[in-house]
Structures are given as structure tokens and as C-alpha cells.
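This report covers aromatic contacts, nonpolar cores and one sheet. The sequence and structure are shown first.

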Amino acid sequence: MEIELRSTEDGEPPPSSHRKTASAGVVTLRHSQDVRPDENAVQISFPFYAGNSTLVRRPKRLIDKFPISPRSEAFRRRAFPGSTLSQWNDWRWQLRNRIRSLEELSQLLTLTMDEITAICRHKGPLPLAITPYYASLLDPDDPAQPLRRTVVPVCDEYLRTPGEAEDPLGEDADSPVPGLVHRYPDRVLFLVTDFCSTNCRYCTRTRMIGTEHRHSGLIRQWERALAYIQRHTEVRDVLLSGGDPLTLSDDRLDWLLGRLRAIPHVEFIRIGTKVPVVLPQRVGPSLTRVLKRHHPLWMSIHFTHPDELTLEVREACARLADAGIPLGSQTVLLAGINDRVDVMTELFHGLLKVRVKPYYLYQCDPILGSSHFRTPVAKGLEIIRGLRGHTTGYAVPQYVIDAPRGGGKIPLVPDYIAGRDGDDLVLTNYEGNLYRYPDPGGKLGRDRTLPLFPEGNG
């Protein structure tokens, strides 16, 4: 097994029990069968940068160094030739150097006329914004590449179709104070910022995602939300979202989590984020130290496609998991991007390898200009049917529609009830075979025409 690690400090020596080859600042570690532990080594419970389950040892001094994949390194040298490895791995540098204009993007991608026109037409919220790291994953010559389609505007965004709305989920109607949505009895959605490091073109909150942090008045708005939570003792679960909470500084995040944790009836806190995917360098030792102080803490990470499971993202997920944070994924079903069983299977298997449980598969919300992203609901059911029984249940998320006008999340599952035969409920399994389950007095299936049983079933 060969593992390629790049440190922000050139010349970092490998452990003495490994052989070393160096080329262009790359340190290659070849795992040896006779590696022996020593007091300077730490055993990592999951090999976040390897494709198998072999336990890996690496020195403590490397744990705080963030790896850089060969692809990212080649992109850095080409697109940001004046940058250093330390800068590239600094999340604040990544934010300062986001690609935000047609001129910047055209130096990295061969843009189509459709993309150029869409960028030039844009006004208002959800501007073009892509971190250098995520830009390194985009295909410069293929406008149909899944990741490129999720972050580069096209003119279809300006089409309006029936049923679309600026606030399709009716969040504003359930907002008792600015930045807080109280829809479910025991939980609230706390929108702590309107800033994202990378702007997804299908964002549910297109209406509010801006270009900069709104520092002015932010704490004052948080205080109103915190006071509301303090008064409402039925609230036991707080979900931090936005924008992206992990774009806040460590100090601000620590302050906010501490205030929430001090409210006696708040039992646990969740963070919804895409930062580990589009800005994995943010997940450094200082962030994990902050998060560990506020357990029980859960995190939902927004993944879209298996191409996002890079060396850097696997590292970020490993650090979060090692900090004791249960990780789940939220994936939006997108036409021509991830709407195939094989793509979703690869994504969900990859997530399990990095200790992320596939949690939700969302039907794309009908925001304004989203018709080119939305699939028929039948496509989502087809994907769930293609997963259920064909892979581990841990890899099968809930497929949900977040109902328009504030209806909340409604789960959808394929219909496995074939009908009823007397006291027996007749079920269809993942292979299409029929089976009887004794259900005396039951009513399910009474309105179904019972299919003929293939020989050997029933």
C-alpha cells in the first residue's frame, strides 16, 4: 500500500519505520509489514486516506498537518502559483481567494456561452462563489460534469415554472424572531449566518445567501433567538444552519455553542454544513477542540456526488469522527448529477467508509429557477428500491420531501405491499418475490388486487 501525504511544512521526516522517497516536496510512505509501535506513534482507527481497512500508524506531529492530494497540488501550482502549501491549507486564505467573478472563473474553466451569459445576468443573492479547493475538482472542459453543474450558473436558473417559490418551505412564516424557524414542537432551526464558502446553485435558501458575513448586528440577532429558545422550554433540539455555521470563527462558534449548552432544556445541538466537503481545511485542531467542548453534538454534512470524497474530505471527516461527533449525510437528488442507482450506491458506500451515515435523500425543493435540477419523485423511489436489499441498510437513507408551505419532512418509501389473502398480508421483497405475513384482522392491502403467485412463492 502506498500513501501520499503532503505536509504544509516541506521536509517533514517520515517515521523511522518507513522507507522514504522524495520528489517535488512529496513524501511517500510505504506501509511495512513489520512496523512496530513506538512512543511517538499514534494508531489511527480508520485509514481516512486509504481504500482498505488496514490500520495505519503515523507520528503525532503529522496529525495536525492537512494532506493535499496530487490533483489539488497540481491545481494550486497552476492556478495560484504565488501561494504556498501553508496558505492553501489555511481556510481563511481559501475564503479570501474564492472564485467570485467571470474573469476569475474563465481563467480556470473553458466556459460555455450559456455559463457566461448566466454569470453576467446575475443580480441579487446567491452570487458565484467557489473555494479554490472545490474549484480544483471541477472539469475545465466538461460543462456537464456533475460537480461543475452544482456551482457554475446556467441560464436555466432564470426560468420560472409553476409551483416554484422564493421561500418554498414557508420558513419565513414559521419564524417568530429573525433567524429562527420553529416548525416542529421540540426543535428549532437556527439560521446563524447568511454566508457560505461555496454557493450551490440549487440552494433552498437562495433568497438569503449573500456575499459577505453580516457581522453588523449578528450578535444582537443571536441574542433574540437565544432568548426565544430560553423562554420555550419545549425546545430540546437546536439545529444550527444558515448559510454555513462552520464559516464562523472558532471564537464566535464557541460562544454560540456555549450559550446554547447553558440552556437547561436544550438536550443536544446539531450543525448542518457543507464546509467539510467544499472547505475541508477548516476542520483543524482548533475547530475540533471547540466542538468537543459542547457534546452531545451531531453534524449533518451535505454531500452530492462520490467525486467529493477526496483525500482532503476523508481527512476532515476522520477528524470530526475522532472528535466524537456522530456524522450523517444529507444529499439532494439532482437531475443528471446523482440521479442513478450506481452513483448513489458509490456515494453512500464511500460515506460509510469515512464514518458518515447516509441520513436524508432530499427531493430537490422547488425554489425559483430549479426545474433543471428537479427529478420526478418516481426517480427517488427507484433509487431507494435499487438500494434496499442490494446493500447494507446503513447505506440506505430516508427519502423525503420537505413539503411546501411548511408541511415539514415527509418520508417516501417504495410500496412493498402487494395485497391481502384472507388473514395474510402479501409483501414484495427487493427481488420482486411475494411472501405472506400473518396479519389477522389487518386492513392493509384489502384494496389491492392480489397478483398471481409465481411458482414457489407464497
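How many aromatic pairs does a search of the whole structure find? The search finds 10 aromatic pairs, a pair being rings of Phe, Tyr and Trp (its six-membered ring) with centres within 6.5 Å. Phe-75, Phe-80, Trp-88 and Trp-93 belong to one aromatic cluster.

The model is predicted: local features need pLDDT of at least 70, side-chain atom pairs count only at pLDDT 80 or more, and totals for chains, interfaces and linings use all residues. Residues are numbered from 1 along each chain as its sequence is written, and side-chain values use heavy atoms, with hydrogens and water left out.

Two arginines sit over tyrosine rings (CZ of Arg within 6 Å of the ring centre and within 35 degrees of the ring normal).

| Charged residue | Ring | Distance to ring centre |
|---|---|---|
| Arg-121 | Tyr-158 | 4.0 Å |
| Arg-187 | Tyr-184 | 4.5 Å |

The largest nonpolar core (buried Ala, Val, Leu, Ile, Met, Phe, Trp, Tyr and Cys residues joined through side-chain atoms within 4.5 Å; buried means under 20% relative accessible area, 1.4 Å probe, protein chains only) has 84 residues. Among those with the most contacts inside this core are Ile-130, Phe-190 and Leu-291. Apart from this core lies another of 10 residues, including Cys-200 and Phe-373.

Strands (DSSP runs of E, at least two residues, numbered from the N terminus) S15, S16 and S17 form an open sheet in that order, with antiparallel pairing (at least two DSSP bridges between two strands). Strands S15 (417–421) and S17 (434–438) are the edges. Strand S16 (residues 424–428) is joined to S17 by 5 bridges, and Val-426 stands opposite Arg-436 in S17.

Note on methods:
Helix = DSSP H or I, 4+ residues; strand = E, 2+ residues; numbered from the N terminus. Buried < 20%, exposed > 50% of the residue type's maximum accessible area, 1.4 Å probe, protein only. Phe/Tyr/Trp six-rings, centres within 6.5 Å; stacked < 30°, edge-to-face > 60°.
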